[in-house]
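Student: Could we go through this structure together, one question at a time?
Tutor: Gladly; here it is.

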Amino acid sequence: MADTHIPLHAIKGRGAASRLAHRFEKEARGSFDDGWGTLEEEDFVTAAPDAVATEVRFEDAKSVLGGNDSPDIPFERSLNPYRGCEHGCIYCFARPTHSYLNLSPGLDFETKLIAKRNIAQVLRQELARPRYQPAEIAIGTATDCYQPIERELRLTRSVIEVLQQARHPFALVTKSSAVERDLDLIAPMAAQHLAAVYVTVTTLDGEVARALEPRAAAPHRRLRTIRTLAEAGVPVGVSVAPQIPFVTEDMEQVLEAAWDAGARSAFYTVIRLPWEVAPLFREWLDVHHPQRAARIMARIREMRGGKDYDADWGTRMKGTGTWAELIGQRFAKATRRIGFNRERIVMDLSAFRPPREDGQGSLF
């Protein structure tokens, strides 16, 4: 019996087109053609709803600082106030983490969000430990720390307040203009060499960005955020990650626009499709780029030794092969020509003062 194609539909404001079963589920359900032609009917139950509501769940975290010993990641410690991300970027490598919560890496990742409501309290306790040694903390490396729910919950702001009190250096990465709200904290810390911000601009094409990153800020708005940060004296960089063959094709134009806005450092990665991200991305291609889907996946597999993904530490960020080399050469030539990465952002670790666990400030 031949496999039957189940038509998928774009869901308003969401990146994923389905609640894909995660890899730990014991049972997975699917549809099949029973001979009555129902799969072809326009009002078949697989048709997507107009919108899917966002649900926020709260957790009390036991620890909030994550360590890193991967040789291809340039930071030792990270912190993420949220699990899941309403931005809905279809390529997000963090999607599979929702599987550990018995939730789908597809729609659930974008609509069932977990907020660590005690994150500031736990961070303060960890920084106050007698044996704690400061190292730059990277905020929002898995899920965006300024996704829409941050406007109300303000967990990221509470984290920065603790870091400001402790004079502890940090850097954050975001696709959101909401970071501008916290310039009153970030700018003074940047003046003391304690803060930097990286803004991701994957493409300048608004239509591509809307499908690829449906609830993130528009590309032109992100450029305005870069300008606002730079004018406030904050060291700001641009991430042109991930690079996706035949989808994000304007890397050089993005870099030029980011430089004009005030960014002075830049980095990139190629698309990563670990675990459930691969089938979700293929679904996305079927919905948004059906005529180019096979071509795009062929180039991605070419960069991954013929597979959807290769987790090798030495190559997972940049890929291998002719296409990966071409992307790397384009990035290197563009950044060299424009002037990026000529000065390294150095944080001041010597300013750190352990905070009091009760949250009170100190006169000394």
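What follows is a set of questions and answers on the model, its sheets and its helices.

Student: Before we start, which pLDDT does the protein chain average?
Tutor: This is a predicted model, in which local features need pLDDT of at least 70, side-chain atom pairs count only at pLDDT 80 or more, and totals for chains, interfaces and linings use all residues. Residues are numbered from 1 along each chain as its sequence is written, and side-chain values use heavy atoms, with hydrogens and water left out. pLDDT is the predictor's confidence in each residue, from 0 to 100. In the protein chain 89% of the residues score at least 70, and the average is 91.

Student: Where does pLDDT stay under 50, with 11 contacts beyond four places in sequence?
Tutor: A contact here means heavy atoms within 4.5 Å. Residues 1–6 have pLDDT under 50 and six such contacts beyond four places in sequence. Where pLDDT is low, the predicted coordinates should not be read in detail. The stretch with 11 contacts beyond four places in sequence is residues 41–48.

Student: How many helices and strands does the protein chain have?
Tutor: Helices (H or I, at least four residues) and strands (E, at least two) are DSSP runs, numbered from the N terminus. On that basis, the protein chain has 11 helices and 10 strands.

Student: What is the strand order of the open sheet of seven strands?
Tutor: Two strands pair if DSSP finds at least two bridges between them. The edge strands of this sheet are E2 (66–67) and E10, each pairing on one side only. E2 and E3 (residues 77–79) run antiparallel, joined by two bridges, and Gly-66 stands opposite Ser-78 in E3. With mixed pairing, the order is E2-E3-E6-E7-E8-E9-E10.

Student: Which residue is the bridge partner of Phe-170 in E8?
Tutor: E7 runs parallel to E6 (residues 137–139) over three bridges, and there Phe-170 of E7 has Ile-137 opposite. E7 also pairs in the parallel sense with E8 (residues 195–200), over five bridges. In E8, the partner of Phe-170 is Ala-195.

Student: Why is E7 described as largely enclosed by the rest of the structure?
Tutor: Buried means under 20% relative accessible area, exposed over 50%, and partly exposed in between (1.4 Å probe, protein chains only). E7 covers residues 170–174, and it is largely enclosed because the buried residues among its five number four.

Student: Which helix joins E7 and E8 in a β-α-β unit, and is the unit right-handed or left-handed?
Tutor: A crossover is right-handed if, with the strands pointing away from the viewer, the path from the first strand over the helix to the second runs clockwise. The unit made with E7 and E8 is right-handed, and its helix is H5 (residues 183–191).

Student: Which strands stand at the edges of the open sheet of three strands?
Tutor: This sheet has the order E1-E5-E4, with mixed pairing. E1 runs parallel to E5 (residues 112–116) over five bridges, and Arg-57 stands opposite Ile-114 in E5. Each edge strand has a single partner strand, so one side of each is left without a neighbour in the sheet; these strands are E1 (55–59) and E4 (82–83).

Student: How wide is the arc covered by the buried residues of H11?
Tutor: H11 (residues 321–338) has buried residues Ala-324, Ile-327, Phe-331, Ala-334, Thr-335 and Ile-338. They lie on the same side of H11 because the arc they cover around the axis is only 105 degrees.

Student: What do the buried residues of H11 pack against?
Tutor: The face turned away from the buried side of H11 carries the exposed residues Thr-322, Lys-333, Arg-336 and Arg-337. The buried residues pack against helix H8 (251–261) and strand E10 (265–267).

Student: Which helix is included in what covers the buried residues of H10?
Tutor: In H10 (residues 293–302), the buried residues are Ala-293, Ile-296, Met-297 and Ile-300. Seen down the axis, they fall within an arc of 95 degrees (taken from the directions from the helix axis to the C-beta atoms), so they line one face of H10. What covers them includes H9 (277–288).

Student: How far apart in space are Arg-295 and Pro-245?
Tutor: Arg-295 lies in H10 and counts as partly exposed, at 46% relative accessibility. Arg-295 and Pro-245 are 50 residues apart in sequence, and their C-alpha to C-alpha distance is 8.9 Å.
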